[in-house]
Amino acid sequence: MIEIVAPKNIGNDIEGGNFLSLFFKKSTEKNNEIVVDFKNTRWVRANLTSVLGAICWNAWANNTRVTFKNLTPSIKRIFSKNHFYKKFGVSPVKDEYNSTIKYREFAPEEKTVFSLYVREEFIPSIGIKFSKKFEQEFRTAIEELFQNCRLHGECDKIFVCGQYFPSEKRLYFTITNLGVTIKENIEKRFKEYLISPEGAIIWATKKGNTTRLEENIGGIGLDFLINFLDSTKGKIHIISDQASYERENKLVKTQLMENKFSGTMVTLIFSVNDICKKYDDRDYFDKIDILENFF
């Protein structure tokens, strides 16, 4: 049996990344049991159940059982409200404040189902009435992240979840896939090209860099989202391989994690107040540069 003690706070930071990457590492062991002890944990970012779900799925695929113990009532309530607990056979409870974007798992071929999820779960949670044209562009950008998981992640499933935090006036949304990392994807595309995990994410987020073949159509998702987040005081957090990448206020911070995460998790953090203040029906789509995406 393997026991992991979760940290006091599980959030979109290096401490949360180290915990999740360690949990993933243990999930690769076959025919075992993992007990995650939340005795010290007081708070979990609900959107990160996207990652927890992916890791649990990986453990079960390796015939390894997962048990969570010593969860506080508030964390249990979070896991129940966003439907994450359904994985463990626990019925969800009603989200009276409509602050959750439900935990879901998608097969790579379920593009249409994911599109419906974005339209009916994700967009309404922002609480802002966009113009039809802008909403379509915004949805296309979110859906492009899903496309990248399909095309580049070489994954079996894609895991998503989100949460609106009223005290912060911020909306968090995480999409996770297990498969090829950004570093591995770059090195696979460009033979004999070696790059660090941090360097891989930085390379992938620079204008014009892509691992897509010329005959494939490029996407608009990441560049659109980064520009939108920069203009509304949002943030993007990416974890892939051993790298943690954060971009906020156009400032980038990278850190090396203790363990490798074999896949990619992307968290988008939207500042709802600033979207309300700055959104004026401008056509963001027409003002951005195209950046091919990376997973």
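Biologist: How many helices and strands does the protein have?

Modeller: The protein has ten helices and ten strands, counted as DSSP runs from the N terminus, with H or I over at least four residues for a helix and E over at least two for a strand. This is a predicted model, in which local features need pLDDT of at least 70 and side-chain atom pairs count only at pLDDT 80 or more, while totals for chains, interfaces and linings use all residues. Residues are numbered from 1 along each chain as its sequence is written, and side-chain values use heavy atoms, with hydrogens and water left out.

Biologist: What is the order of the open sheet of five strands?

Modeller: Strands of a sheet pair through backbone hydrogen bonds, either parallel or antiparallel. Here the order is 6-7-8-10-9, with antiparallel pairing; two strands count as paired if DSSP finds at least two bridges between them. Strand 6 (100-106) and strand 9 (235-248) each have a single partner strand, so one side of each is left without a neighbour in the sheet. From one strand to the next, the twist averages 15 degrees. Inside this sheet, strand 8 (residues 170-178) and strand 10 (residues 251-271) are joined by nine antiparallel bridges, and Asn177 stands opposite Thr264 of strand 10.

Biologist: Which strands does helix 2 lie across?

Modeller: Helix 2 (residues 49-61) lies across strand 6, strand 7 (158-165), strand 8 and strand 10. To strand 8 it runs at about 20 degrees, an angle taken from 0 to 180 degrees between N-to-C directions of lines fitted to C-alpha atoms, for helices over the stretch in contact.

Biologist: What is the pairing in the open sheet of three strands?

Modeller: Its pairing is parallel, in the order 1-3-5. Strand 1 (2-5) and strand 5 (65-69) stand at the edges with a single partner each, so each has one side without a neighbour in the sheet. The twist averages 20 degrees between successive strands. Five bridges link strand 3 (residues 33-37) to strand 5, and Val35 has Thr67 as its bridge partner there.

Biologist: Which residues have the most contacts inside the largest nonpolar core?

Modeller: In soluble globular proteins, nonpolar side chains tend to be buried together. A nonpolar core is a set of buried Ala, Val, Leu, Ile, Met, Phe, Trp, Tyr and Cys residues joined through side-chain atoms within 4.5 Å. The largest one has 45 residues, and those with the most contacts inside it are Phe114, Phe122, Phe138, Ile142, Ile175, Leu268 and Phe270. Helix 5 (residues 132-152) gives the largest share, seven residues. Apart from this core lies another, of 34 residues, including Val51 and Phe159. Beyond its neighbours within four places in sequence, Phe138 is in contact (heavy atoms within 4.5 Å) with residues including Phe122, Phe224 and Phe270.

Biologist: Is Ser21, in helix 1 (residues 14-27), buried or exposed?

Modeller: Buried means under 20% relative accessible area, exposed over 50%, and partly exposed in between, using a 1.4 Å probe and protein chains only. Ser21 is buried, at 1%. Leaving aside neighbours within four places in sequence, Ser21 is in contact with Met257, Asn259, Lys260 and Phe261. Of the 295 residues of the protein, 56% count as buried.

Biologist: How many disulfides does a search of the whole structure find?

Modeller: A disulfide is a covalent bond between the sulfur atoms of two cysteines. The search finds zero, with a pair of cysteine sulfur atoms within 2.5 Å as the criterion. For Cys149, the closest cysteine sulfur is in Cys155 at 5.5 Å, too far for a bond. Cys149 counts as buried, at 0% relative accessibility.
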